[in-house]
Amino acid sequence: MTVGHHAPNPPTLFSFSSPDSLVLSLAEFVLNAQKEAITKKGRFAIALSGGSLPKQLRGLIDNPAVKWDKWQVFYVDERVVPLDHEDSNHRACTELLFSKVPIPEGNIHTIDPTLLDDLDELSDAYEQALIGEFAQKDAARFPVFDLILLGMGPDGHTASLFPGHELLAENSRWVAYLEDSPKPPSKRLTFTYPVINHAARVAFAATGKEKAEILAKVFDDPEAGLPASRVRPAYPGQLYWFVDDAASASVQFQKTPFKL
Ligand SMILES: O=C1O[C@H](COP(=O)(O)O)[C@@H](O)[C@H](O)[C@H]1O
């Protein structure tokens, strides 16, 4: 990727009147990213969030166009709990998506559940898994995911990057941990902005009127520096938002009719 001196591309905001149209369009969008990635590189590197995101991916289930064997899946953030714990993002993605599709287990990169007692080791090991997938880390290089899918909490957090937290300023580590998450559980691992903002495409999915006030702030007051506003993929990366009309009701920023 040539980052150069270009300003980041502006975000594209898609707002849908029904949950089903959002889900179907998001599936179409993921498939388009998958096709482009497989054509170029023979595999599709994608990172998923937890929270409400996994259920928005149900349009991929029973979809014959998905090349599951080509997917390499990482988690944007993960709670430091066993993989079958009810708070685990991996568990949520497995229950709502992976258990229903033929993805090879080895293509899903979870945190190492044997390292839950040592957060340094746990985050280093996850960073090593990224390095293994994306070649050697050096000062000038970052992993370039084909697609990173994010959610946004009602406080404007994304991944496990929370308003006012020191990790918002992390600019060298790819994976970091926190022990003071304001949203339980308190111990978490998260991709940092250097990873999120070097993806080829980043897409948020956020729905419901409880997200309306914060979504307006993210779009119309980006200087406030909310975690979700700080997602600005480096050029030529693209940023998309898939929201419903309830969430976008107060946003002044221009909405775009969905098309690929
Ligand atoms: O704690 C988390 O929250 C965010 C947002 O969740 P949502 O339920 O409001 O969509 C999520 O994206 C992240 O992966 C998760 O760990």
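## A guided tour of the predicted model

Select Lys67 to begin: with 15 C-beta neighbours inside 10 Å, this residue counts as partly exposed. The model on display is a predicted one. Lys67 sits in the loop that runs between β2 (44-48) and β3. Leaving aside residues up to four places away in sequence, Lys67 touches Gln34 and Ile38. Add Pro102 to the selection; although Lys67 and Pro102 are 35 residues apart along the chain, their C-alpha atoms are separated by 9.2 Å.

Stay in the loop between β2 and β3 and select Asp62, which is found there. Asp62 is not a glycine, yet its phi is positive, at about 60 degrees. Is Asp62 buried or exposed? With 9 other C-beta atoms within 10 Å, Asp62 is exposed.

For a second positive phi, go to Ala159, in the loop between β5 (147-150) and β6. The phi of Ala159 is near 50 degrees. Ala159 is buried, having 29 other C-beta atoms within 10 Å. As background, most residues other than glycine have a negative phi, and most peptide bonds are trans.

Two peptide bonds should be inspected next. The bond from Pro184 to Pro185 is cis, with omega near -5 degrees, and Pro185 belongs to the loop between β6 and β7. The bond from Tyr235 to Pro236 is also cis; its omega is near 10 degrees. Pro236 lies in the loop between α5 and β9.

Now display the strands as a cartoon. Six of them form an open sheet in the order β1-β9-β8-β5-β2-β3, with parallel pairing. β1 and β3 (71-75) stand at the edges with a single partner strand each, so one side of each has no neighbour in the sheet. On average, and with direction ignored, neighbouring strands of this sheet are turned by 20 degrees against each other. At the β1 edge, β1 and β9 pair in the parallel sense over five bridges. Select Phe14 there, and Phe242 in β9 will be found opposite.

Move next to β7 (residues 188-191). Which residues point one way from this strand, and which the other? Arg188 and Thr190 point one way, Leu189 and Phe191 the other, and all are buried. In a regular strand the side chains alternate between the two faces of the sheet. Strand β4 (residues 77-79) is joined to β7 by three bridges, and the two run antiparallel. Strand β6 (residues 175-178) is likewise antiparallel to β7, with four bridges between them. Thr190 is a useful centre for this view: Asp77 stands opposite Thr190, and so does Ala176.

Turn to helix α5 (residues 212-220) and colour its buried residues, which are Ala212, Ile214, Leu215, Val218 and Phe219. These residues lie on the same side of α5, because they cover an arc of only 165 degrees around the axis. An α-helix has 3.6 residues a turn, so residues three or four places apart point the same way. To see what covers this side, show β1 (12-16), β8 (201-206), β9 (238-244) and α6 (245-248), which are among the elements over the buried residues of α5.

End the tour at the ligand. How many residues surround the ligand? There are 14, and the closest are Ser49, Gly50, Gly51, Ser52 and Gly151. Colour this shell by class to see four nonpolar, eight polar and two charged residues.

Conventions:
Residues numbered from 1 in each chain as written. Predicted model: local features only at pLDDT ≥ 70, side-chain atom pairs only at ≥ 80, totals over all residues. Near = placed C-beta within 6 Å. Nonpolar A, V, L, I, M, F, W, Y, C, P; charged D, E, K, R; others polar. Buried ≥ 20, exposed ≤ 12 C-beta atoms within 10 Å, placed from the backbone. Arc of directions from axis to C-beta. Contact = placed C-beta atoms within 7 Å. Pairing = 2+ DSSP bridges. Axes fitted to C-alpha atoms, helices over the stretch in contact; angles between N-to-C directions.
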